Amino acid sequence: CPTLSSFFHTFARALPSRRLHWKKQPQRRRSSPLSSSSDRNVAMSSPPASKKPRTVSKGSAGDVDDSIPTPEFTTQLDYVNLTSHADSFGVDPIPTSWAHPDPTVRGPVICTVRHSSQRNAIGAHSGSYCIYTGLAVAAGKLNPEYVPNLKLTSPVFGIGPHKSWSDPKKIASIDPFGHLTTEVFGGYLDKGFDIRPTIAITKAHIDLPETREAIAAGRLVPDGKILMPSGQSVVSKAAIEPVWYLPEIARRFGCTESVLRQSIFRMTNGMYPELITRPDIKIFLPPIGGLTIYIWGDPDTIPDEDIELTCRVHDECNGSDVFGSDICTCRPYLTHAIEEVSAIAC
């Protein structure tokens, strides 16, 4: 799991779019599905239009109060937008500068449905689970205008910032500021922007019968802080949603960004046309599962290279991990890893 290992390495060291218009094109020779992006964009782009000037909040005297734009809310439309285009009227994504050390300059990742003209990311939050949001709205069980109040939320422990966060070659598959939405992007939230965290940090208790057996056998000695006499482990937890920076993802896979975009567009049966029509947007929230990190011990000591760090990259398995099936050895590997990290942490 390169994303998980990358996360550990990183933190250890460190107005709606216009409708789609088809304009008549001169006859040209048919091209392959992976032909050059410039040819394909000619056929899919709307006629050029002047961009709408950005609206910025002003103070009582008419002076610019700050650099945060005023949110523009998407309303229910009587037509369906198949895609958006970079040069269309009203399209004005919030600027981002990936890997900039100052989060106010880097900018927030906005990928919610309430600001379609100001989105700066392709895709949707929650990966494949966004389908369930659509089901809930269709069934009338969820108001599509609902926005969670995140102003009173904050991580229960701190991570970073680290020097590696400002290196685009080290951060490519997560948003390092994803757990600090209310802290570093509070000004956007105060103005009404719907910005969602992509990392949730909390505490958790883990209770495994194998841990109790290890205590009874004397292999583990509870310290009363991390490992309780009851066998429960008190751990720190980080749930992470993938956020891809496409230029660096392409570099790592040894291809151009154009080829990467076209390949994903093709192999998802055209699920994300903005991969083709919005080359100005460099951030992509892919429809894949996230990951969860469980930390035994003090997270603040992770960057300390003098302290032993034990890491297990585990692919969760419902059959073995949950139901104890012997069809595979996932659970024994997991419980062995937990025993090892508990022994080191305690």
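Of the 346 residues of the protein chain in view, 39% count as buried. The model is a predicted one. Colour the chain by secondary structure to see 12 helices and eight strands. Switch on the surface, and the chain exposes about 19400 Å², with carbon and sulfur atoms supplying 55% of that area.

**Stop 1: the strands β4, β5 and β8**

Select residues 199-207, which are strand β4, together with residues 232-240, which are strand β5. The two run antiparallel and are joined by nine bridges. To find one position along this pairing, pick Asp 207; Gln 232 in β5 stands opposite.

Now add residues 291-295, which make up strand β8. Strand β8 pairs with β5 in the antiparallel sense, over five bridges. Two positions can be picked out here. Ala 238 stands opposite Ile 293 in β8, and Lys 237 has Tyr 294 in β8 as its bridge partner.

Keep β8 selected and show its side chains. In a regular strand, side chains alternate between the two faces of the sheet. Which residues of β8 form its covered face, and which its uncovered one? Leu 291, Ile 293 and Ile 295 make the covered face, while Thr 292 and Tyr 294 make the uncovered one.

**Stop 2: the sheet β3-β7-β6**

Next, select strands β3, β7 and β6. These three form an open sheet in that order, with mixed pairing. At its edges are β3 (121-123) and β6 (244-245), each of which pairs on one side only. Strands of a sheet pair through backbone hydrogen bonds, either parallel or antiparallel. For β3 and β7 (residues 283-285), the direction is parallel, and three bridges join them. Select Ala 121 to find Ile 283 of β7 opposite.

**Stop 3: Glu 257 and its surroundings**

Move to helix α9, residues 257-267, and select Glu 257, which lies in this helix. Is Glu 257 buried or exposed? Its relative accessibility is 18%, so Glu 257 counts as buried, the cut-off for buried being under 20%.

Show what surrounds Glu 257. Apart from neighbours within four places in sequence, Glu 257 is in contact with Leu 246, Pro 247, Ala 250 and Lys 282. With Lys 282 there is also a polar contact between the side chains, at 3.3 Å.

Then add Arg 261. The side chains of Arg 261 and Glu 257 meet in a salt bridge, with 2.8 Å from N to O. Because Arg 261 and Glu 257 are four residues apart in helix α9, about one helical turn separates them. Both Arg 261 and Glu 257 are buried.

**Stop 4: charged pairs in helix α8**

Select helix α8, residues 246-252, and show Arg 251 and Glu 248. Side chains of opposite charge can pair when their charged atoms come close. Arg 251 and Glu 248 form a salt bridge in which the closest N and O atoms are 2.7 Å apart. The two are three residues apart in the helix, so they are separated by about one helical turn.

Compare how the two partners are covered. Glu 248 counts as buried, at 5% relative accessibility, whereas Arg 251, at 44%, counts as partly exposed. Add Arg 252 to the selection: Glu 248, Arg 251 and Arg 252 are linked in a network of salt bridges.

**Stop 5: a salt bridge between distant parts of the chain**

The count of salt bridges comes to 13. For another of them, select Glu 210 and Arg 331, whose closest N and O atoms are 2.8 Å apart. How many residues apart are Glu 210 and Arg 331? They are 121 residues apart, with Glu 210 in helix α7 (residues 209-216) and Arg 331 in helix α12 (residues 330-345), so that the pair links distant parts of the chain. Glu 210 is partly exposed, with a relative accessible area of 23%. Arg 331 counts as buried, at 18% relative accessibility.

**Stop 6: a nonpolar patch on the surface**

Finally, return to the surface view and select Tyr 129, Ile 131, Tyr 132 and Leu 135. Together these residues make a nonpolar surface patch of about 490 Å². Within this patch, Leu 135 lies in helix α4, residues 130-138. Leu 135 has a relative accessible area of 52% and is therefore exposed, the cut-off for exposed being over 50%.

Notes: Residues are numbered from 1 along each chain as its sequence is written. This is a predicted model: local features need pLDDT of at least 70, side-chain atom pairs count only at pLDDT 80 or more; totals for chains, interfaces and linings use all residues. Side-chain values use heavy atoms; hydrogens and water are left out. Patches are made of residues with over 30% relative accessible area and no salt bridge: like charges are joined within 9 Å, nonpolar side chains (Val, Leu, Ile, Met, Phe, Trp, Tyr) within 5 Å. Accessible areas come from the Shrake-Rupley method with a 1.4 Å probe; for residues, only the protein chains shown count as cover. A salt bridge is a side-chain nitrogen of Lys or Arg within 4 Å of a carboxyl oxygen of Asp or Glu. Buried means under 20% relative accessible area, exposed over 50%, partly exposed in between (1.4 Å probe, protein chains only). Two strands pair if DSSP finds at least two bridges between them. A polar contact is a pair of N or O atoms within 3.5 Å; within protein, one must be able to donate a hydrogen and the other to accept it, and residues adjacent in sequence count only if both atoms are side-chain atoms. Contact means heavy atoms within 4.5 Å.
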